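Please look over this structure with me, one part at a time. We begin with the strands and end with the surface.

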Amino acid sequence: FGLKKWEEQNNDCDDFARIASCLAQILHTRTPGREKGTALAIGEFHYIKETPKGAHAINFAIIKNPDLKLVFFEPQTGEELILNQTEKESCYYWRV
């Protein structure tokens, strides 16, 4: 599909975040032997990134390991991100 290539205003961070979230849900649903009644807690997180400064869209997930924990990751690289409190509070849109 050519979706791995970043293009400003066409295939940028919000598109990557939406695709990653949807793909994760699809893969979870299609997992053979998946326990019935299980769900995936993943979504998009739009916020103001401090460095470099500006609006950015990433993904978040709630994991259990062994307690519940909120984690963030960059869908363009797959890397886990550690957001500071200011960045967390700057969230202006999220979708599960």
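Strands β2 and β3 run antiparallel, and six bridges join them. This is a predicted model. One of the bridge pairs can be named: Ile62 has Leu70 in β3 as its partner. The connection from β2 to β3 is a hairpin, made through three residues. Strands of a sheet pair through backbone hydrogen bonds, either parallel or antiparallel.

Next comes the other neighbour of β3. Strand β3 covers residues 68-73, and it pairs with β4 in the antiparallel sense over two bridges. Across this pair, Phe72 stands opposite Leu81 in β4. The hairpin of β3 and β4 has six residues between the strands. In that hairpin, Gly78 takes a positive phi near 85°.

**The whole sheet**

In what order do the five strands of the open sheet lie? The order is β4-β3-β2-β1-β5, with antiparallel pairing. Strands β4 (80-81) and β5 are the edge strands, because each pairs on one side only. Helix α1 packs on this sheet. The helix touches β1, β2 (54-64) and β5. The direction of α1 makes about 20° with that of β2.

Now step back to the full chain. Its secondary structure comes to two helices and five strands. Read from the N terminus, the elements run α-β-β-β-β-α-β. The chain has 96 residues, and 28% of them count as buried. Take the contacts with a separation of 6 or more: residues 24 or more positions apart account for 41% of them.

**A buried residue in β2**

Ile58 is found in strand β2. Is Ile58 buried or exposed? Its relative accessible area is 0%, so Ile58 is buried. Which residues does Ile58 contact, leaving aside its neighbours within four places in sequence? The list includes Ala17, Gly43, Glu44, Phe45 and Tyr47. Phe72, Phe73, Glu74, Pro75, Leu81 and Leu83 are also in contact with Ile58. Recall that Phe72 and Leu81 stand opposite each other. Then there is Phe16. Ile58 and Phe16 are 42 residues apart in sequence, yet their C-alpha atoms are 7.9 Å apart in space.

**Two salt bridges**

How many salt bridges does a search of the whole structure find? It finds two. In the table, each distance is from N to O.

| Salt bridge | Distance | Accessibility of the Asp or Glu | Accessibility of the Arg |
|---|---|---|---|
| Asp15 and Arg18 | 3.8 Å | Asp15: 18% | Arg18: 33% |
| Arg95 and Glu44 | 2.9 Å | Glu44: 3% | Arg95: 32% |

Start with Asp15 and Arg18. Their side chains meet in a salt bridge. Both residues are in helix α1, which covers residues 13-29. They are three residues apart, so about one helical turn separates them. Asp15 has 18% relative accessibility, so Asp15 counts as buried. The cut-off for buried is under 20%. Arg18 has a relative accessible area of 33%, so Arg18 is partly exposed.

The side chains of Arg95 and Glu44 meet in the other salt bridge. Arg95 lies in strand β5 (residues 93-95), whereas Glu44 lies in strand β1 (residues 42-49). The pair therefore ties together parts that are 51 residues apart in sequence. Glu44 counts as buried because its relative accessibility is 3%. Arg95 counts as partly exposed because its value is 32%. Glu44 has come up before: it is among the contacts of Ile58.

**The surface**

What does the chain expose? The area is about 7,100 Å², and carbon and sulfur atoms supply 57% of it. Which residues form a nonpolar patch on the surface? They are Ile19, Leu23, Ile26 and Leu27. Together these four have about 360 Å² of accessible area. Ile19 has its place in helix α1. At 35% relative accessibility, Ile19 counts as partly exposed. Compare Ile58 in the sheet, which is buried at 0%.

**Putting the parts together**

Helix α1 brings several of these points together. It packs on the sheet. It holds the salt bridge partners Asp15 and Arg18. Ile19 of the surface patch also has its place there.

Terms used:
Residues numbered from 1 in each chain as written. Predicted model: local features only at pLDDT ≥ 70, side-chain atom pairs only at ≥ 80, totals over all residues. Heavy atoms only, no water. Helix = DSSP H or I, 4+ residues; strand = E, 2+ residues; numbered from the N terminus. Buried < 20%, exposed > 50% of the residue type's maximum accessible area, 1.4 Å probe, protein only. Patch = residues over 30% accessible without salt bridge, like charges linked within 9 Å, V, L, I, M, F, W, Y side chains within 5 Å. Areas by Shrake-Rupley, 256 points an atom, 1.4 Å probe, with all protein chains shown as cover. Contact = heavy atoms within 4.5 Å. Axes fitted to C-alpha atoms, helices over the stretch in contact; angles between N-to-C directions.
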